Amino acid sequence: MSDYLDRIGSGLILLDPAPLDFDFIPEKMVGREDIQSNLAAKFHSISHPNSSANVVITGPVGSGKTLLARTFCRDIEHHLRNKRQIRSVHINCRNATTNVRVAQRIVQTLDAGHPDRGLSMGELLNSLRRLLRSNERHLIIVLDEVDHLLRKSGNDLIYQLLRIDEDQEGTGTISLILISQEQVLDVLENAVISRFGHTNHLPIPSYDYEGLLAITRQRAEASLNPQSWNEEILKLIATSAAPSGDARQVIELLNGAVEHAESDGRSLLEPEHVQTRAKSIPQVMPEDVLDELTGHPMLVLLGICRRLRKTEFMTSKDVESMYAVVCEEYEVKPRSHTTVWKYLKIIEGLSIIDTRVDTVGDGRGRTTHISMPHALPMDVAGRIEGRVIKKLNRL
Ligand SMILES: Nc1ncnc2c1ncn2[C@@H]1O[C@H](COP(=O)(O)OP(=O)(O)O)[C@@H](O)[C@H]1O
Ligand SMILES: [Mg+2]
């Protein structure tokens with residue numbers, strides 16, 4: 001009766017789905033030893049009491065910034081366990097865009113039972129001081145995608161955290177790691193920059209083909225039946241993602257290929273299972289074409305990308321609703337219907353999207369179908385997120 005469920009859990013291909021999740025933290029970050037050493041070097045004195053470090057990590061989407069910080073915090077806590085008690089808190093500022101919200105999360109990491117409502121910034125900072133003093137630990141605070149916080153609430157919290165020791169006995173109670181796609185040091189106020197130090201910037205590049213291949217291999221080994229894949233598949237996936245250098249893309253392509261092959265009832269991953277569109281990406285869309293767009297057209301395109309990640313086509317009505325959501329996220333007022341239509345034509349003119357008009361029903365209704373045949377929407381979205389703030393003249 002439930003024959004149709006036979007393929008689920010059969011283990012023909014997928015043995016463990018966890019390593020194919022974006023949030024999975026692998027035992028080892030592959031191929032980034034130099035960058036890991038650079039980060040470690042900035043924390044060279046951290047084993048000593050009273051010392052701390054502040055670092056800004058920047059790099060394009062999918063270059064491993066989040067993983068770099070997560071593995072560093074995990075490893076340093078373990079490495080120094082007999083010398084200095086270190087704790088870390090990783091906050092994604094996309095989900096916590098106000099100073100109070102971020103401060104609350106920090107305090108609650110140290111004291112899960114801490115009240116989560118109605119406290120002012122001053123009260124939260126006092127709690128933080130008290131908690132840090134009482135458990136004598138060093139706290140590494142990672143503010144990931146920090147541009148969201150800076151854009152919405154400025155750098156006040158960061159300033160307060162940097163001077164948390166100034167009015168008390170101890171020193172070096174907190175280290176800060178800020179992560180952003182763009183260089184954020186230059187938008188911080190001088191008082192913050194001078195405490196951060198100019199040398200503490202760690203820029204990381206996107207991945208090249210070899211780097212992507214190594215990550216694909218790591219995930220295939222960790223999650224798939226060894227009989228189900230071969231080197232050719234890994235190479236195809238790495239080649240497909242190479243134009244963007246985005247590690248997330250290889251994981252997504254591998255995941256998609258597994259899904260595709262399993263739903264076909266196959267026990268071997270074949271090239272045809274790798275998302276076909278990906279095979280045609282190599283640089284059909286030049287790197288700088290997005291620079292032709294100003295802020296709002298970019299937001300329209302970002303909305304389009306988000307929808308087209310999940311479906312092949314969308315209508316112009318979908319475009320408007322996705323654009324409205326994006327505007328809310330970036331806290332700008334959406335432009336009018338006619339203007340959005342004009343932007344759509346500009347984007348089409350740059351060959352980033354294709355539009356096809358279909359006549360429906362009795363011939364009077366017309367629907368525009370929008371697709372993106374020459375690029376991976378996910379890749380384009382990542383590239384937009386990296387530059388749209390500048391285009392909007394914000395930050
Ligand atoms: N060097 C690496 N080794 C293993 N996995 C990696 C590596 N770099 C990135 N990844 C994986 O790729 C995905 C994207 O990396 P992430 O750190 O989220 O990028 P970013 O924060 O720069 O956008 C994550 O799932 C991450 O685990
Ligand atoms: Mg990240």
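Which residues point one way from strand 1, and which the other way? In this predicted model, Asn 54, Val 56 and Thr 58 go to one side, while Val 55 and Ile 57 go to the other. Neither side ends up open: the residues on both are buried. That fits the tally for the strand as a whole, which spans residues 54-58 and is mostly covered, with five of its five residues buried.

Strand 1 has partners to go with that cover. Strand 4 (residues 174-180) runs parallel to it, and five bridges join the two. One of the pairs here is Asn 54 with Leu 176 of strand 4. Strand 5 (residues 201-203) also runs parallel to strand 1, this time with three bridges. In that pairing, Thr 58 is matched with Pro 203 of strand 5.

Strand 4 leads on to the nonpolar packing. Ile 177, sitting within residues 174-180, touches Val 55 and Ile 57 of strand 1, along with Ala 69, Ile 140 and Val 142, once residues up to four places away in sequence are left out. Ile 177 is also one of the residues with the most contacts inside the largest nonpolar core, a title shared with Val 142 and Leu 143; that core counts 41 residues. A second core, separate from this one, has 30 residues, among them Met 298, Leu 301, Val 319 and Val 380. As a general backdrop, nonpolar side chains in soluble globular proteins tend to be buried together.

Zooming out, the chain splits into three pieces: domain 1 (3-13 + 207-279), domain 2 (33-203) and domain 3 (287-391). Domain 1 and domain 3 have their C-alpha centres 29 Å apart. Where they meet, six residues of domain 1 are in contact with five of domain 3. On the domain 1 side, helix 10 and helix 11 (276-279) each supply at least two of the touching residues. By type, this side comes out as three charged, two polar and one nonpolar.

Helix 10 turns up again at the ligand. Ligand 1 is surrounded by 19 residues, with Gly 64, Lys 65, Thr 66, Leu 67 and Ala 247 the closest. Helix 2 (65-79), helix 8 (209-223) and helix 10 (247-263) are the elements giving two or more residues to this shell. What is the make-up of the shell in nonpolar, polar and charged residues? The split is nine nonpolar, seven polar and three charged. The shell is also shared between domains, as domain 1 and domain 2 each contribute at least three residues.

Methods:
Residues numbered from 1 in each chain as written. Chains lettered and ligands numbered in written order. Predicted model: local features only at pLDDT ≥ 70, side-chain atom pairs only at ≥ 80, totals over all residues. Near = placed C-beta within 6 Å. Nonpolar A, V, L, I, M, F, W, Y, C, P; charged D, E, K, R; others polar. Domains from an automatic or database assignment. Core = buried A, V, L, I, M, F, W, Y, C linked by C-beta atoms within 7 Å. Buried ≥ 20, exposed ≤ 12 C-beta atoms within 10 Å, placed from the backbone. Contact = placed C-beta atoms within 7 Å. Pairing = 2+ DSSP bridges.
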